[in-house]
Amino acid sequence: MPRPNILFLCTDQQRYDALGAAGNEHIRTPHLDRLAAQGARFTNCYTQSPICAPSRGSLMTGRYPRHHSLWANGVDMDPGEQLFTKVLADEGYDCGLAGKLHLGSAFDGRIEPRLDDGLRVFRWAHDPYLRSAGNEYHHWLRRTHPELYESAVVKRERSIDSLPQQAHYSHWVAEETIEFLGHSRQKDRPFCFISNFFDPHHGFEAPQRFRDLYDASALPAPVTIEDELATKPPIYTQESAKSYAGHMPGFDDYSPEELQEIKAQYFAMVSLVDEEVGRILDALEREGLAEDTLVIFTSDHGEMLGDHRMLLKGPMMFDCSVRVPLLARWPGRIPEGMVAEELVEWIDLTRTLLAAAGSDGLPRAQGRDLAPLWSGGEFDDRDWVLSEYRDGCWAYDPPVQTTMVRRGTWKIVVHHGRPSTDRERTGELYDLAADPDELHNLWDEASARETRAEMQAFLLDVLVATEDRSRERLAPF
């Protein structure tokens, strides 16, 4: 059977419930909802980290953050790591990317180091903001909308997030993708193209047409309860006051009305991406490629959005931070309207894409092929997922390290510190069946003491089970 084309559509910082098909009646995502109806929606997909670079490193390598070296934002990935796009390119795929990659530091205009990635087409722009010689979005904006480039990039007289849709970063990602599908792909080879949108990453602002879709006062208020943080690790009280280890405003800096405006802008950014995804899907149809293409839509991590009295991202392991949308469409292979509730991880996507392409490359990849879920085959349903954070977003003093394991309907988050016999252990324990919003931390509850001990032991077993033992054992000694 011919190998499928692969179209990987990824947003940045889109939480699992920012999708109409996921039951959110307040957000408008008609094109993504159509994609979900034409294929499968995975309701319990978790990323390997609650922040960008470690999570994206896991996707590209199929490995957990503690193995692929990209343990934090601002770190360059070890150039010796193997990427799934390089495997596909070596096996005959025409590979390309438009948008963000984030396998290396791009701070202050630095050009992210290029790896042996197999990407023939490389339209890189870490974000719409930073002026950099390598920012392809800025080059495009200067060519196509010179007056907007001058005001938003050079003089910074206006917000680049609120530019009209036709000049927006998300529109540029779609334009580059459509150009690849229609003209620049090598038509005698299957393709793998990655479209990495920056929205709905903060800053929280969207073109006015999309902002006008929402009445901020009619949107749900942040999910929290009075004194919620009193029973949770102290780092969350700090994050509520100031985000990003004190580098950004926190929940406490905003009025209730301002928090509602943030949510309206966030939803507007998702709706912008939705419309651009619709344009890409229409191009796929127009080029006669839809029937032969596996389309994936997902996001690298979530966004607190005021829930639990916090904003943005960091060491938090709540579902709104590490659980993301995942849609997959493959006509004739994936049943239309399928809903999968199994616990799956981002590293599973790496193995799934390679398997779909008929590849057994990337031997160090640690994920599972998801295809048995839609084909009826035997699936490794291990009933747990793992996410890791290692002081990865700016820098905390002292460093913050957290590990999350969800097993069935229980979630444990261990907050690690410097090894010491007298250190007070802190953490989180949630019964998601009784408390799906993760409002009540059971870590110190006497009634949950046995469950906590079991989950702590299970977390240690998971860490051992996911060690990298990919090197072949040649003999007894």
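Pro-398 sits in the loop that connects β14 (384-390) with β15 (401-407), and a cis peptide bond ties Asp-397 to Pro-398, with omega at about 0°. Keep in mind that this is a predicted model. Below you will find the backbone details, the open sheet, two helix contacts and an aromatic pair.

**Backbone details in the loops**

- Another cis peptide bond is found between Asp-199 and Pro-200, where omega is again about 0°.
- The loop that holds Pro-200 runs between β6 and α8 (208-211).
- Gln-13 is worth a look too: its phi is near 80°, which is a positive value in a residue other than glycine.
- You can find Gln-13 in the loop between β1 and α1 (30-37).

**The open sheet**

- The sheet is built from 8 strands, and reading across it gives the order β5-β4-β6-β1-β9-β11-β2-β12.
- Its pairing is mixed, and the sheet is open.
- At the edges are β5 (119-124) and β12 (338-340), each of which pairs on one side only.
- On average, and with direction ignored, neighbouring strands in this sheet are turned by 10° against each other.
- The edge strand β5 runs parallel to β4 (residues 94-99), and 5 bridges join the two.
- If you want a residue to start from, Gly-99 has Trp-124 in β5 as its bridge partner.
- Helix α7 lies across four strands of the model, namely β1 (5-11), β4, β5 and β6 (191-196).
- Relative to β6, α7 runs at about 170°.

**Helix α5 against helix α7**

- Besides lying across strands, α7 (residues 169-184) also meets α5 (residues 136-144): their axes come within 10 Å and cross at roughly 95°.
- Angles of 65 to 115 degrees count as roughly perpendicular, and α5 and α7 are therefore roughly perpendicular to each other.
- On the α5 side, the contact is made by Glu-136, Tyr-137 and Trp-140.
- On the α7 side, the residues in the contact are Tyr-169, His-171, Trp-172 and Glu-175.
- Sorted by class, this contact of α5 with α7 has 4 nonpolar residues, 2 charged ones and 1 polar one.

**An aromatic pair between α5 and α7**

- Across the whole structure, a search finds 15 aromatic pairs.
- One of these is formed by Tyr-137 and Tyr-169, whose ring centres are 5.3 Å apart and whose planes stand at 65°, so the pair is edge-to-face.
- Tyr-137 belongs to helix α5 and Tyr-169 to helix α7, and the pair links distant parts of the chain, 32 residues apart.
- Both tyrosines also appear among the residues that make the helix contact described above.

**Helix α2 against helix α12**

- How do the axes of α2 (residues 52-61) and α12 (residues 346-356) cross, and at roughly what angle? They come within 7 Å of each other and cross at roughly 25°.
- That angle makes α2 roughly parallel to α12.
- The crossing in which α2 passes α12 is right-handed.
- From α2, the residues that meet α12 are Ser-55, Arg-56, Ser-58, Leu-59, Met-60 and Thr-61.
- Their counterparts in α12 are Trp-346, Ile-347, Leu-349 and Thr-350.
- The residues of the contact of α2 with α12 divide into 5 nonpolar, 4 polar and 1 charged.

Technical notes:
Residues are numbered from 1 along each chain as its sequence is written. This is a predicted model: local features need pLDDT of at least 70, side-chain atom pairs count only at pLDDT 80 or more; totals for chains, interfaces and linings use all residues. Side-chain values use heavy atoms; hydrogens and water are left out. Axes are lines fitted to C-alpha atoms, for helices over the stretch in contact, and angles run from 0 to 180 degrees between N-to-C directions. Angles under 35 degrees count as roughly parallel, over 145 as roughly antiparallel, 65 to 115 as roughly perpendicular and the rest as oblique. Contact means heavy atoms within 4.5 Å. Ala, Val, Leu, Ile, Met, Phe, Trp, Tyr, Cys and Pro count as nonpolar, Asp, Glu, Lys and Arg as charged, and the others, Gly among them, as polar. A crossing is left-handed if the near helix is turned anticlockwise from the far one by less than a right angle, and right-handed if clockwise. Two strands pair if DSSP finds at least two bridges between them. Rings of Phe, Tyr and Trp (its six-membered ring) pair if their centres lie within 6.5 Å; planes under 30 degrees apart count as stacked, over 60 as edge-to-face and the rest as tilted.
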